[in-house]
Amino acid sequence: MSQFWSAVVHGLKPYSPGEQPRLTQLIKLNTNENPYPPSPQVVAAIRAALGEEGAILARYPDPVGDKLKAAIIRFYAPRPLRPQQIFVGNSSDEVLSTVFQALFRHSRPLLFPDVTYSFYPSYCGLYDITYEQVPVDEDFSIRVEDYQGKANGGIIFPNPNAPSGRALPISDIERIVSAHPQSVVVVDEAYVDFGADTAIGLTHRYPNLLVVQTLSKSRALAGLRVGFAVGHPDLIEALERVKNCFNSYLLDHLALAGAAAALDDVAWFEQNRQKIIMSREDLSVRLGELGFQVIPSQANFIFAHHPDHAAETLAQQLRERRIIVRHFKQPRIDGYLRISIGTPEECAALVDALQQIVG
Ligand SMILES: Cc1ncc(COP(=O)(O)O)c(C=O)c1O
């Protein structure tokens with residue numbers, strides 16, 4: 001507390017990110033990172049952008065990110081996009097923050113699920129947005145009917161949802177978007193590449209739909225911080241206007257070069273996500289054999305509950321064995337562990353450790 005703080009700061013409830021421990025030789029399954037390195041073409045593109053002497057660092061980067069937008073357009077070529085339909089930013093968290101500021105500050109409440117990405121309430125606190133949490137079903141599914149007919153100043157949900165990993169089919173997303181033509185509906189697709197369908201194709205038909213994606217997960221670039229949004233040019237203009245009131249150069253030279261190379265290496269992307277999907281399915285079966293109830297996941301993590309063991313204690317016991325997973329001390333989900341998918345060796349070590357603990 002300080003007399004120097006702006007009034008809003010006193011009431012903020014900041015998001016607490018998963019731990020980034022300094023210890024080495026840990027199996028880190030707590031923040032949904034990709035366990036593999038990014039495409040070698042990313043590293044080559046960053047080296048090429050930097051050059052021998054790094055002279056480029058003396059210059060400001062492209063404020064618009066034209067080359068990155070062109071790479072996004074190439075990746076989504078079967079669904080033609082124009083640069084005016086794309087906003088790029090320094091991580092999807094920052095893109096989401098810009099979205100909350102630019103599109104959700106209305107008098108009616110913003111709607112989002114009660115079990116979801118816990119950053120959303122923090123943005124609401126920061127931008128003074130009232131919100132209503134819509135309970136997910138007992139099995140953590142989002143029920144489309146619960147959003148129908150509810151007055152709102154916008155709707156946001158991840159697809160697949162976090163931390164459950166459950167995904168809605170595109171037809172359900174379309175039902176939500178078409179039922180609320182007066183509201184912006186934002187689909188946060190941080191994990192979409194691990195088994196769900198993107199709603200980007202719907203943005204051509206629905207001017208109230210905005211899709212947000214990140215390169216942190218399926219392109220193994222959590223450390224580079226690149227995200228983007230796709231939607232109607234009017235929505236994108238709102239984001240650009242807000243962005244140009246706080247930082248014209250959201251992405252640096254290296255992030256712009258690396259992100260474009262990651263989008264262009266489709267073979268690496270396909271191979272990587274298939275490996276993670278296979279490990280997820282295998283780990284789900286193995287945990288089931290140990291008595292865990294595993295929510296069916298379309299993401300790069302699983303959400304699991306053991307009827308005979310407290311999740312918090314399990315997380316602690318895993319930690320003693322140098323394996324870190326995520327436990328949320330929150331109503332409805334404090335009996336669950338969220339486990340990011342690691343390499344097959346990391347998943348095997350987790351199963352061995354859990355076998356010792358619960359077996
Ligand atoms: C649902 C969801 N959206 C967005 C993000 C943010 O990703 P990033 O800021 O790395 O792009 C995360 C990160 O874990 C997430 O779980």
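**Surface patch and ligand shell**

User: Which residues form a nonpolar patch on the surface?

Analyst: This is a predicted model, in which local features need pLDDT of at least 70, side-chain atom pairs count only at pLDDT 80 or more, and totals for chains, interfaces and linings use all residues. Residues are numbered from 1 along each chain as its sequence is written, and side-chain values use heavy atoms, without hydrogens and water. Patch members have over 30% relative accessible area and no salt bridge (a side-chain nitrogen of Lys or Arg within 4 Å of a carboxyl oxygen of Asp or Glu), and nonpolar side chains (Val, Leu, Ile, Met, Phe, Trp, Tyr) are joined within 5 Å. With about 580 Å² of accessible area together (Shrake-Rupley method, 1.4 Å probe, only the protein chains shown counting as cover for residues), the patch is formed by M1, F4, W5, V8 and V9.

User: What is the relative accessible area of W5?

Analyst: W5 lies in the segment before α1 (7-10); helices are DSSP runs (H or I) of at least four residues, numbered from the N terminus. W5 is partly exposed (between 20%, under which a residue is buried, and 50%, over which it is exposed; 1.4 Å probe, protein chains only), because its relative accessible area is 38%.

User: Which helix gives the largest share of the shell around the ligand?

Analyst: Of the 13 residues around the ligand (a heavy atom within 4 Å), S92, D188, Y191, T214 and S216 come nearest. The largest share of this shell, three residues, comes from residues 92-103, helix α4.

User: How far is an oxygen atom of the ligand from an N or O atom in the side chain of S216?

Analyst: Polar contacts are pairs of N or O atoms within 3.5 Å. A backbone N or O atom of S92 lies 2.7 Å from an oxygen atom of the ligand, and for the side chain of S216 the distance is 2.6 Å.

How values were computed: Polar contact = N/O pair within 3.5 Å; in protein donor to acceptor, adjacent residues only side chain to side chain. Helix = DSSP H or I, 4+ residues; strand = E, 2+ residues; numbered from the N terminus. Patch = residues over 30% accessible without salt bridge, like charges linked within 9 Å, V, L, I, M, F, W, Y side chains within 5 Å.
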